[in-house]
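Take a moment to look over the structure below. We will walk through it step by step, from the contact between chains down to one helix.

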Amino acid sequence: MDSLLQVDQLSTHFRTPRGLVKAVDGVDLRLRKGEILGIVGESGSGKSVMAQSLLRVVPKSNLAHSDGRVLFDGTDLMHLNEEGMRRVRGARIAMVTQNPSTSLNPVLTVGAQLMETLRFHPDRSPDQSRFKERMLAMMHEVQLPNPAAIAQRYPFQLSGGMKQRISIAMALLCEPEILIADEPTTALDVTIQAQILDLIRSLRQAHGTSVIFITHDLGVVAQLCDSVAVMYGGKVIEYNTASEVFRHPRHPYTQGLLQSNPIFGNTRSRLHAMPGQPPDLAALGPGCAFAPRCSQAQQSCLTTSPSATLLDGHFRHLCPVAETQGAASA
Amino acid sequence: MIEVRNLKKHYRLPASRWLGEKPATLRAVDGVSFTIEAGETLGLVGESGSGKSTLGQMLLMQTVPTEGRIIFDGTEVQDPKSGGMHQLKGKVQVVFQDPYDALNPRMRVRDIIAEPLRNLQGQSDQEIVQQVEAVAQQVGLRVEDLSKFPHQFSGGQRQRIGIARALSVQPKFLVLDEPVSALDVSVQAQVINLLMDIQEQHQMTYLFISHNLAVVEHICDRVLILYLGKIAEILKVEDLHKHKLHPYTRALIDSIPVPDPARAKAGQPLSGEIPDPAKAPTGCRFSPRCTMAQAVCKEREPELSDLGGGHWMACHRSAEM
């Protein structure tokens with residue numbers, strides 16, 4: 001009940017020459033105030049489209065439909081008009097994407113782009129005379145050295161880490177309640193990644209911002225997130241607190257993922273490799289998308305899609321195997 | 001098997017005469033010496049801008065060194081003008097990072113794998129077909145896959161095609177330039193295991209370029225840590241767990257996010273960013289970001305010194321660790 005964001009049965013399907021692609025298919029999520037929720041999945045699992053669907057910025061060209069319920073502060077975003085959505089997007093729910101080189105405008109100084117964000121959302125920061133002050137304060141907060149000088153530079157004059165800090169500053173300028181970060185550290189070196197993760201932690205601490213952090217890196221999730229939703233083939237197949245997911249993974253896919261992740265400390269050892277390839281979303285059968293790769297798959301897994309199993313609270317599992325394991329460990 | 005002596009690659013940068021600038025020199029790789037033993041995997045680790053890809057390209061003679069020598073299997077590799085490429089032909093191959101960019105989209109898999117063999121000449125068409133099918137099987141591709149085009153495969157399968165192409169001429173030495181960085185975790189493990197199997201079967205020698213120390217630790221025997229074109233440290237992977245480490249290596253290890261929520265990260269992340277290689281700091285190049293730096297570190301560049309047991313470090317403070 002104390003959810004800031006409640007996502008029910010979110011689905012986004014695309015029409016393609018090869019058939020209907022269910023990029024996101026019946027996703028349920030809850031986000032509390034100040035919570036960092038990790039969305040983990042491999043390429044094609046639907047995690048980015050899920051994030052885009054929340055803000056209704058899914059590419060429209062071959063969109064079949066995008067529906068469900070996204071309850072944010074009492075309003076269903078899926079039924080909000082475009083003007084209402086415009087007030088939410090970038091102001092109350094802001095997004096940082098993977099590649100800051102493509103998300104920043106190359107022909108404007110970063111300062112001009114930051115100011116533009118403030119001007120675009122007058123309801124979030126009414127005092128025009130203090131825009132510049134606000135911008136410099138935010139640049140300082142994301143630990144950019146010498147904000148006044150950097151504000152006058154163009155994106156190409158900044159390093160990848162600095163550009164990502166600018167993107168984060170831009171996202172935070174209007175003091176959003178939710179920050180959606182879509183693989184914000186994937187393109188960065190590990191040392192810079194560690195700095196950005198520290199920054200996100202301290203921002204949550206200072207402002208109580210809720211964060212949806214999308215990544216494929218299990219280490220990042222473990223070090224940053226309170227709860228984790230694991231996606232596979234457009235569905236959330238495991239959803240639990242971070243400590244539970246890492247300590248007692250219940251879905252066979254989550255178990256396999258954790259085992260195949262190379263961990264520092266295991267010198268020259270073979271890795272547990274999951275067989276097969278990620279699924280082709282245009283050619284999904286009626287059964288579980290993971291069944292062809294699953295060592296514990298039962299006959300029914302190949303023919304019927306697993307139904308959601310509610311474990312404790314709202315944490316769900318979409319797998320009969322996970323259900324029995326949940327019962328065993330409970 | 002491979003000996004590299006004082007290898008350098010400097011690039012002259014265009015100067016703006018209008019601003020009265022002097023032409024700057026970018027020292028991408030600046031005096032690097034090391035050896036790779038036969039059958040060994042040497043990891044080459046560093047951040048972007050450390051020079052690791054340039055170094056890999058020089059070993060392939062795709063980039064001509066400014067200075068220094070490369071001795072391959074007892075003979076010195078000449079620069080391409082005097083036949084360096086020809087000398088390495090068939091002995092050295094490369095697997096690239098991005099399986100989406102590295103394969104010609106208009107060629108069938110069969111032809112992609114056969115291309116290095118055809119370039120080598122001297123084999124009949126039938127021998128080539130046999131060899132292609134043999135390596136395809138070795139990397140886990142099916143015979144029917146050979147008639148397909150790259151776009152019909154997922155990232156992991158494409159990387160298998162890239163590996164098959166590299167193996168087709170039965171090279172002795174493979175440069176693996178971030179071969180699993182673009183792959184998903186579940187597929188990454190398959191490819192790492194495949195590379196380890198191939199090495200064992202054919203006694204191959206690998207140079208494994210990566211920014212991921214956890215992956216390097218799984219597949220490599222020794223690691224070379226590069227920072228701004230200089231070797232910071234060379235050590236056995238087991239020694240990565242020792243107390244005595246170059247501060248940069250230590251920082252890289254501390255930056256790895258541990259996939260266990262119960263194990264909090266160790267200390268503060270490394271501050272600052274790798275500087276522009278054209279404006280490398282004086283003294284030790286790592287000193288501006290180093291927590292252990294003293295006055296001497298800013299003045300004098302440390303020598304790479306032997307700490308025994310195959311452990312080499314370039315740090316003024318190595319004795320105090």
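In this predicted model, 41 residues of chain A are in contact with 38 residues of chain B. Which parts of chain A supply that side? Four elements each give two or more residues: α8 (190-207), α9 (218-224), α10 (242-247) and α11 (252-260) of chain A. Look at α8(A) in particular. With seven residues, α8(A) provides the largest share of the side of chain A that touches chain B. The chemistry of that side is mixed. Its residues divide into 17 nonpolar, 18 polar and six charged.

Now stay with chain A and look at how it is divided. There are two domains. Domain 1 is pieced together from several stretches of the chain, 3-92, 180-189, 209-262 and 275-329. Domain 2 is a single stretch, 101-175. Trace the chain with your eye: the residues of domain 2 fall between 3-92 and 180-189 of domain 1. How many Å separate the centres of the two domains? Taken over C-alpha atoms, the centres of domain 1 and domain 2 of chain A are 31 Å apart. The two domains also touch. Domain 1 of chain A puts six residues into the contact, and domain 2 of chain A puts in nine. On the domain 1 side, four of these residues are nonpolar, one is polar and one is charged.

Next, zoom in on one helix of chain A. Helix α1 runs over residues 47-54. Is α1(A) mostly covered or mostly open? It is mostly covered, as eight of its eight residues are buried. Here a residue counts as buried if 20 or more other C-beta atoms lie within 10 Å of its own. The buried residues include A:V49, A:M50, A:A51 and A:L54. A:K47, A:S48, A:Q52 and A:S53 are buried as well. Just after α1(A) comes a backbone detail: A:R56 takes a positive phi of about 55°.

Finally, turn to chain B as a whole. Its secondary structure comes to nine helices and 12 strands. The C-alpha trace of chain B spans about 65 × 55 × 40 Å along its principal axes. Does that fold look like a compact globule or an extended one? For 321 residues, a compact globule would have a radius of gyration near 20 Å, and chain B has 21 Å, so the two agree. Of those 321 residues in chain B, 46% are buried. Sequence distance adds another view. Take the contacts in chain B between residues at least 6 apart in sequence: 64% of them join residues at least 24 apart.

How values were computed:
Residues are numbered from 1 along each chain as its sequence is written. Chains are lettered from A and ligands numbered from 1 in the order in which they are written. This is a predicted model: local features need pLDDT of at least 70, side-chain atom pairs count only at pLDDT 80 or more; totals for chains, interfaces and linings use all residues. Two residues are in contact if their C-beta atoms, placed from the backbone, lie within 7 Å. Ala, Val, Leu, Ile, Met, Phe, Trp, Tyr, Cys and Pro count as nonpolar, Asp, Glu, Lys and Arg as charged, and the others, Gly among them, as polar. Domain bounds come from an automatic or database domain assignment. The radius of gyration is taken over C-alpha atoms; the globule rule is 2.2 Å times the number of residues to the power 0.38. A residue is buried if 20 or more other C-beta atoms lie within 10 Å of its own, exposed if 12 or fewer, and partly exposed in between; C-beta atoms are placed from the backbone.
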